[in-house]
Each structure stands twice: as C-alpha cells, then as structure tokens.
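Trainee: I'd like to learn how the labels on a structure are earned. Could we go through this one together?
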Amino acid sequence: MKNSNVLKNVYFYSIGLSYKKADAEIRGKFSLDTVAKTRLLEQAKNEGIQSLFVTSTCNRTEIYGYAEHPFQLIKLLCENSNGTVEDFQKVAYVFKNQEAISHLFRVGTGLDSQILGDFEIISQIRNGFAEAKAMGLANAFMERLVNAVIQSSKKIKNETEISSGATSVSFASVQYIMKNVPDIGNKNILLFGTGKIGRNTCENLVKHTKNEHITLINRTKDKAEKLAGKLNLIVKDYSKLHLELQKADVVVVATGAQNPTIDKAILNLKKPLLILDLSIPKNVNENVKDLEGVTLIHMDHLSQMTDETLENRKTHIPAAEAIIEEIKEEFIAWTKLRKFAPTINALKEKLNDIKKSELVFQSKKLSNFNEEQAEIISSRIIQKITTHFANHLKNEDTMVDESIDWIEKVFQISPLTPEGGTTTKVV
C-alpha cells in the first residue's frame with residue numbers, strides 16, 4: 001500500500017530569462033500576456049504546486065515558486081508560452097533558496113533592471129503576487145518575502161538617488177528622440193499603444209518636448225481617449241493607422257501584440273521616419289529598414305545608452321545594497337523562526353505530556369502531594385528548557401537543519417508541517 005504521508009522536500013526557486021542573455025526575439029517567445037499568466041497559474045494549482053507567482057515584462061519573464069525540482073516550473077513556462085526547453089537552457093537562469101531570495105530583492109529594487117534604478121518592475125511583482133494570492137497560490141513565506149521586497153524598493157527610492165534622472169525605457173526613448181530629431185516641438189509624433197510603457201512615454205513626450213502634434217492610436221479606442229483627455233492630445237481609430245503613419249515624423253510603438261503590426265507594406269513614405277519599438281515581442285517588422293529614410297530603434301538599443309545620469313546612479317548602488325541586506329536579514333531571521341517553531345511547539349507538547357504523566361504518578365504515590373505547586377514548578381521548567389532550545393536555534397552559528405533533526409530524534413517528535421505533507425527547505 002502506498003504511503004500518502006511520505007514527506008517530500010520542496011525548495012524555493014526563481015527561474016526565468018532577462019535582457020542580460022536573451023535578446024528581444026527570445027524574450028518575445030517566452031513573454032506571457034494576461035491570459036497566458038492566468039492559464040499558467042491554473043495549471044500550477046492543478047499540478048499541486050503550493051505557492052507560485054509570475055512576472056512578465058518587456059525585459060524579463062520569471063516564475064518564483066516552490067517545487068521539488070526546477071523543471072516543474074520550467075515546464076509550466078514553456079507550455080504556456082512560445083518558448084522551448086532548448087531555448088530556455090541557452091539563455092535562462094535558475095536560482096534556489098537563498099540565491100532566489102537575493103535575486104528577487106535585486107529585481108524588485110531596480111538593481112537588476114535593464115536601466116539601473118527602473119522601479120516599474122515592483123508594480124509587476126506586486127500585481128503578479130496579488131493574482132497568485134487570489135487563486136490560492138500564496139503561502140505565508142511568499143507573502144512575507146514580497147512585502148519585504150516592496151519595503152526595500154520604497155526605502156531605496158526614498159533614501160537614495162538611484163532613481164534620479166532617467167530611470168526607465170520610456171524616459172530613455174524620449175531622450176533619444178530629443179537628441180536625434182531636430183525641432184522636435186514641431187514634428188508629428190504618433191504613439192501606437194497605450195499600455196503602461198506607452199502611457200509613460202506619452203507623458204514624458206508631452207512634458208519634455210512641448211509638442212502639440214502628438215496623436216494616439218490604440219486597438220481599444222476608449223483607453224487612448226482616456227489618456228488623451230488628461231494630456232489634451234488627438235486620438236485616431238485603429239483603422240486609420242496606415243494613414244497616420246504617412247504623416248508622422250516619429251512613431252513610438254508600445255503594444256502587447258504577439259505578432260508585428262507594422263511592416264514596410266503599410267508604409268508609403270515621402271519623408272524620413274524614426275520608429276521606436278518598445279514592444280515585447282517586437283511589433284515592428286525588421287523589413288521596414290529596407291525603406292530609404294526609415295530608422296528603426298528597439299528598446300534594447302535604448303537601454304545601452306550611457307550618460308551622465310546613469311553613471312551618477314551607479315554611485316548609489318552600495319547604499320541600495322545596504323538597505324537590501326538590512327531588510328533581507330530581517331526576513332531570513334523570520335524564516336529561521338518559522339522553520340524551527342513547529343519543532344519547538346512539538347517539543348513543548350512532548351514535555352507537557354511527560355509532565356502530566358509524572359504528576360498523575362506522583363499524586364498516587366505521595367499522600368501529601370501538592371499538585372498545584374508541582375504544576376507551576378514543572379511548567380516553568382518546561383518553559384526554560386524550550387527557551388534554551390529556541391535560543392540555540394536562533395544563533396547564527398547553529399546548523400539549524402541538523403539541530404532540528406537531533407531534537408526530533410532525541411525526543412521522538414514529528415512536528416506537523418504547515419504545508420500538509422511537504423517540508424520546505426529555504427535557509
């Protein structure tokens with residue numbers, strides 16, 4: 001007969017790929033839209049994964065979660081995207097336990113961003129976790145970890161200057177336009193796509209170029225109209241895209257389409273055109289570069305720009321890392337406490353059982369036995385014993401796993417795991 005109570009070790013992993021090794025084409029294959037992310041979470045739940053959340057941005061796609069083996073998470077990513085295991089192995093990374101925790105802190109605080117200090121990712125992490133929690137895929141460890149990362153992000157943003165100046169692809173794109181397009185205030189600018197990057201880019205364009213000839217187009221027109229109303233801009237129907245392209249001097253493309261929407265077939269140009277593609281997957285076909293006068297710039301190129309502002313932000317990395325270490329140490333201390341708490345509780349229960357048995361025995365043996373005093377004294381002794389064990393396990397030099405095993409063997413206790421049949425190995 002199969003023993004369904006056999007404990008399985010599960011570990012905390014971060015698996016994914018980013019701009020560091022994966023180009024825009026590969027990142028596009030592994031990108032997950034809203035539907036794909038929900039589908040992935042549902043599959044994870046059906047496959048018995050206890051806690052997991054997903055982030056997918058223009059710069060990275062990652063899964064953070066518990067598994068016996070990282071391939072369980074890699075399989076989920078590949079089965080819900082257009083990526084393959086072979087592609088993943090070429091460019092991806094897998095972090096486990098402490099390394100996975102440290103990676104999430106660096107990602108969430110902008111230290112691992114394509115443009116140093118870009119804090120847009122933290123909202124993606126927050127939203128990804130919220131969706132996972134709504135589906136019952138967030139345990140106490142994950143919630144505490146994400147909250148610690150959010151706390152670090154806020155503190156770094158408020159107490160350092162690592163986010164001063166241009167800290168996003170959207171701002172970098174506006175910088176590029178202003179440096180490379182003469183008389184930008186009088187040029188026709190077309191923004192195609194009003195998602196988060198599109199909105200940020202649009203706001204930066206209005207603020208820094210003082211241009212009054214910006215036109216917005218989005219597949220869902222009411223989203224474009226909402227943004228245009230705030231900024232006093234023009235909105236055109238998606239069906240007019242090919243006509244507006246002919247009028248434009250600069251086109252910024254920031255859509256979530258899975259296939260290119262713009263190619264040379266719909267361009268009938270009579271003047272030079274600068275196109276910035278801020279989409280993942282790419283939404284502008286490379287064949288537009290076959291046309292004379294067309295310049296196509298992708299977001300990966302923008303992120304490579306090094307200017308005085310970027311160099312200045314690098315000087316604030318040590319201060320940001322110090323903040324991360326402080327909050328991460330608090331989190332690790334909490335995980336240690338959470339790790340040995342079931343053992344200490346089981347030990348206390350075991351000693352209380354011994355106490356009760358001994359009190360019954362002595363009450364029958366001794367005629368003048370004072371049960372009330374014996375209860376008080378023995379309870380205090382048990383409290384002191386368990387406190388000594390807890391302090392030992394809290395010590396930085398203690399090998400926690402080995403000590404827990406020793407305590408459980410000596411006192412013959414088997415604490416119940418909060419995950420119900422699994423033991424988690426994190427610190």
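Trainee: What volume does the second largest cavity have?

Mentor: About 40 Å³. Do keep in mind that this is a predicted model.

Trainee: What makes it a cavity, and which residues line it?

Mentor: A cavity is a set of grid points where a 1.4 Å probe fits but cannot get out. The second largest cavity is lined by Lys37, Leu41, Phe53, Val54, Gly128 and Glu131. The elements that give two or more residues to that lining are α2, β2 (52-56) and α6. By class, the lining has 3 nonpolar, 1 polar and 2 charged residues. Glycine counts as polar in this scheme. As for how many cavities of 30 Å³ or more the structure holds, there are 2.

Trainee: And what is the volume of the largest pocket?

Mentor: The largest pocket has about 1400 Å³. It is called a pocket because its set of points is open, whereas a probe in a cavity cannot get out. Of its 45 lining residues, Gln124, Gly195, Lys196, Ile197 and Gly256 are the closest to the centre. Two or more residues each come from α2 (34-46), α6 (121-134), α9 (196-209) and α10.

Trainee: Which element gives the largest share of that lining, and how do the classes divide?

Mentor: The largest share, 6 residues, comes from α6. The classes are 12 nonpolar, 21 polar and 12 charged residues.

Trainee: Let's turn to the sheet. How do you know that β5 and β8 pair?

Mentor: Two strands pair if there are at least two bridges between them. Strand β5 (residues 189-192) and strand β8 (residues 250-253) have 4 bridges, in the parallel sense, so they pass the cut-off. In that pairing, Phe192 stands opposite Val253 in β8. β5 and β6 also pair in the parallel sense over 4 bridges, and the bridge partner of Ile189 in β6 is Ile214.

Trainee: In what order do the strands of the open sheet run, and what makes some of them edge strands?

Mentor: The 6 strands run β7-β6-β5-β8-β9-β10, with parallel pairing. The edge strands are β7 (234-236) and β10 (294-298), as each pairs on one side only. From one strand to the next, the twist averages 20°. Helix α10 (residues 221-231) packs on this sheet, touching β6 (214-217) and β7, and its direction makes about 175° with that of β7.

Trainee: Why is β6 said to be covered on both faces?

Mentor: In a regular strand the side chains alternate between the two faces of the sheet. In β6, Ile214 and Leu216 lie on one side and Thr215 and Ile217 on the other, and all are buried.

Trainee: Why is Ser153 called buried?

Mentor: Its relative accessible area is 5%, and buried means under 20%, so Ser153 qualifies. Ser153 sits in helix α7 (residues 140-159). Leaving out residues up to four places away in sequence, Ser153 touches Gly108, Thr109, Phe119 and Ile122. Of these, Gly108 belongs to the buried residues of helix α5 (residues 98-108). Others in that helix are Ala100, Ile101, His103, Leu104, Phe105 and Val107.

Trainee: What makes the phi values of Asn97 and Lys210 worth a remark?

Mentor: Most residues other than glycine have a negative phi. Asn97 has a positive phi of about 50° although it is not a glycine, and Lys210 is also positive, near 55°. Asn97 lies in the loop between β4 (93-96) and α5, while Lys210 lies in the loop between α9 and β6. Just after α5, Gly110 takes a positive phi of about 85°.

Trainee: Are Asn97 and Lys210 buried or exposed?

Mentor: Asn97 has a relative accessible area of 14%, under the 20% cut-off, so Asn97 is buried. Lys210 has 63%, and exposed means over 50%, so Lys210 is exposed.

Trainee: One last point: why is the peptide bond from Ile280 to Pro281 singled out?

Mentor: Most peptide bonds are trans. The bond from Ile280 to Pro281 is cis, with omega near -5°. Pro281 is placed in the loop between β9 (273-277) and β10.

Note on methods
Residues are numbered from 1 along each chain as its sequence is written. This is a predicted model: local features need pLDDT of at least 70, side-chain atom pairs count only at pLDDT 80 or more; totals for chains, interfaces and linings use all residues. Side-chain values use heavy atoms; hydrogens and water are left out. Axes are lines fitted to C-alpha atoms, for helices over the stretch in contact, and angles run from 0 to 180 degrees between N-to-C directions. Contact means heavy atoms within 4.5 Å. Buried means under 20% relative accessible area, exposed over 50%, partly exposed in between (1.4 Å probe, protein chains only). On a 1 Å grid over the protein atoms alone, a cavity is a set of points where a 1.4 Å probe fits but cannot get out, and a pocket is an open set with protein on both sides within 12 Å along at least five of seven lines; lining residues have an atom within 4 Å of a point. Grid points are joined across faces, edges and corners, and a volume is the space filled by probe spheres set on the points.
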